[in-house]
Amino acid sequence: MSSSPSPSARISRLALLVVGLCWLAVLFDGLDMFIYGSVLPHLLETKTFGLTADQAGDLGSYATFGMLVGALTAGTVADRIGRKKLMVVCVTVFSLASGICAISGSVAVFGLGRTLAGVGLGGLLPTAISMVSDYAPRGRGAIVIGMLMTAHHAGGILSAYVAKWLVDPVGWRAAFWVCVAPLAFAPVLARFLPESLSFLVAKGRAEEAQALATRYDVELPAAAGRKTAADRWDALVNLFRGGEWIQTLLYWFASFGGLLLVYGVATWLPTLMRTEGYELTNALTFVVVFNLGGIVGMLVAGRAADTFGAPRISAIWFALTAAGVYLLSVHMSMGVTTLVVFLTGVFLNSAQTMIYATVSIRSTPDNRATAVGWTSGMGRFGAVFGPWLGGQLLAAGNGEWGFTAFALAGLSSMVFIGIAALRSAKPGARTGAEQELAAAH
């Protein structure tokens with residue numbers, strides 16, 4: 001005699017569906033983000049389009065600038081069309097943009113493709129995090145978000161293998177054609193991904209939301225009051241009232257240096273390793289190892305922060321990252337270098353995430369989203385600056401200083417977040433913080 005599945009089983013199946021689809025979407029996001037850095041050594045060595053190092057840095061910044069635009073507009077667009085539709089749009093945009101790169105015949109057209117890809121990439125991640133947060137089993141939101149964040153690094157690993165397998169025998173354009181393949185995934189999202197419950201409730205589609213919540217036995221989110229422009233302005237002004245402006249700027253500077261480091265290394269790691277004398281195959285292997293470290297780091301940083309405190313872990317992580325990045329400027333044996341690259345990957349990305357955790361924990365509940373959002377937004381300017389900086393150093397014949405410059409960025413973030421941690425701050429409740437701090441990344 002068959003029996004209906006238990007509520008926990010239904011929750012598990014729904015969480016698997018939503019997280020699985022979002023994980024694949026973020027995997028493709030990571031592939032598209034990292035593919036440029038993986039093929040960049042080949043583009044420079046073959047002088048494709050007559051590409052110079054400073055132009056290569058500019059192209060890297062175009063994508064991160066597009067991500068800034070996408071991240072800043074994602075919330076507004078999602079409020080209008082829904083998170084599900086926005087995810088479909090984002091996957092479509094960055095897939096088609098990779099097609100533009102694949103058929104480009106000039107630096108200008110290639111740059112247009114990377115900029116448009118960045119818009120799609122920047123809008124996807126925060127939207128996917130919001131989706132899995134809506135459907136995560138109660139009390140498991142942080143774990144589910146952590147699982148989702150591993151997909152971005154898995155995409156980085158995939159990008160290295162795509163470059164290793166295709167660039168030499170087929171050509172660099174083949175790598176970007178692979179990044180067009182996720183276009184076939186967009187209809188799958190449209191067909192099987194449920195709409196966000198929060199969006200349905202906010203739009204007054206209560207019956208549809210209730211039916212979906214009942215079907216999968218998930219908790220229906222409460223309707224939130226809609227913030228006016230005045231409310232949002234007051235929340236921003238509160239970040240600078242009294243002595244809070246010092247704390248706010250410290251967080252912003254720390255985030256700027258952190259994302260400069262994250263995207264600078266992500267863009268230039270294979271090329272800088274080539275300048276240190278490593279073969280191209282080994283340089284791409286380092287991309288794999290670096291992203292494996294990123295996956296491990298995302299899984300362990302939260303536990304370490306819960307035990308020792310997010311500000312302390314962020315400062316220590318940045319110090320260890322700076323040491324690892326600086327060591328990469330020294331030519332060591334392959335085994336030692338591989339270990340250093342792995343450990344650098346462990347600490348680098350999660351150090352930045354711990355900045356958001358610090359801001360989230362030390363903000364008041366009514367101001368948390370604004371505080372984390374603006375810390376992330378200011379940091380995005382570092383994400384634009386990092387790839388450009390690497391290109392300028394290489395163009396000036398100072399490629400050996402690239403790792404040193406990125407290490408200094410890590411040290412600056414360590415100092416800023418350390419000073420911020422030592423200053424008195426509001427304790428702020430932690431309830432409901434996971435979505436804001438993770439979406440900021």
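**Entry 1: α12 against α14**

I started with how helices α12 and α14 are oriented in this predicted model. I looked up the axes of α12, residues 280-308, and α14, residues 334-361, and found that they come within 6 Å and cross at roughly 45°. Angles under 35 degrees would count as roughly parallel, and α12 and α14 are therefore noted as oblique to each other. For the hand of the crossing I wrote down right-handed, with α12 passing α14. I then sorted the residues of this contact by class and have 14 nonpolar, 12 polar and no charged.

**Entry 2: α13 against α14**

I next took helix α13, residues 310-327, and set it against α14. Their axes come within 7 Å and cross at roughly 150°. Angles over 145 degrees count as roughly antiparallel, so α13 is entered as roughly antiparallel to α14. The hand I have for α13 and α14 is left-handed. By class, I list 17 nonpolar and 7 polar residues in the contact of α13 with α14, and no charged ones.

**Entry 3: Thr358**

I stayed in α14 and picked Thr358, which is placed in that helix. Is Thr358 buried or exposed? Its relative accessibility is 1%, and the cut-off for buried is under 20%, so I count Thr358 as buried. I looked for a partner of its side chain and found the backbone oxygen of Met354 at 2.8 Å. Leaving out residues up to four places away in sequence, I find Thr358 touching Tyr251, Ala310, Pro311 and Ile417. I note that α13 runs over residues 310-327, and that Ala310 and Pro311 are among the residues touched by Thr358.

**Entry 4: Arg274**

I moved to helix α11, residues 244-275, where Arg274 is found. Arg274 has 26% relative accessibility and is therefore entered as partly exposed. Which side chain does Arg274 join in a polar contact of 2.6 Å? I found that of Glu45. Helix α1 covers residues 7-45, and I have Pro41 and Glu45 among the residues that Arg274 touches. The others on that list are Glu279, Leu280 and Ala283, again not counting residues up to four places away in sequence. I also checked Arg274 against Gly399, 125 residues apart along the chain, and their C-alpha atoms are separated by 10.0 Å.

**Entry 5: the loop between α1 and α2**

I then looked at backbone angles in the loop between α1 (7-45) and α2 (53-81), where Lys47 lies. Most residues other than glycine have a negative phi. Phi of Lys47 is positive, near 55°. Phe49 is in that loop too, and I read a positive phi of about 60° for this residue, which is not a glycine either. I entered Lys47 as exposed, because its relative accessible area is 61% and the cut-off is over 50%. Phe49 has 29% relative accessibility, so I put it down as partly exposed.

**Entry 6: the chain as a whole**

I closed with totals. I count 17 helices and 0 strands in the protein chain. The chain has 441 residues, and 54% of them count as buried. I also looked up how far apart in sequence the contacting residues are. Among contacts with a separation of 6 or more, 83% are between residues 24 or more positions apart.

Terms used
Residues are numbered from 1 along each chain as its sequence is written. This is a predicted model: local features need pLDDT of at least 70, side-chain atom pairs count only at pLDDT 80 or more; totals for chains, interfaces and linings use all residues. Side-chain values use heavy atoms; hydrogens and water are left out. Axes are lines fitted to C-alpha atoms, for helices over the stretch in contact, and angles run from 0 to 180 degrees between N-to-C directions. Helices (H or I, at least four residues) and strands (E, at least two) are DSSP runs, numbered from the N terminus. Angles under 35 degrees count as roughly parallel, over 145 as roughly antiparallel, 65 to 115 as roughly perpendicular and the rest as oblique. A crossing is left-handed if the near helix is turned anticlockwise from the far one by less than a right angle, and right-handed if clockwise. Ala, Val, Leu, Ile, Met, Phe, Trp, Tyr, Cys and Pro count as nonpolar, Asp, Glu, Lys and Arg as charged, and the others, Gly among them, as polar. Buried means under 20% relative accessible area, exposed over 50%, partly exposed in between (1.4 Å probe, protein chains only). A polar contact is a pair of N or O atoms within 3.5 Å; within protein, one must be able to donate a hydrogen and the other to accept it, and residues adjacent in sequence count only if both atoms are side-chain atoms. Contact means heavy atoms within 4.5 Å.
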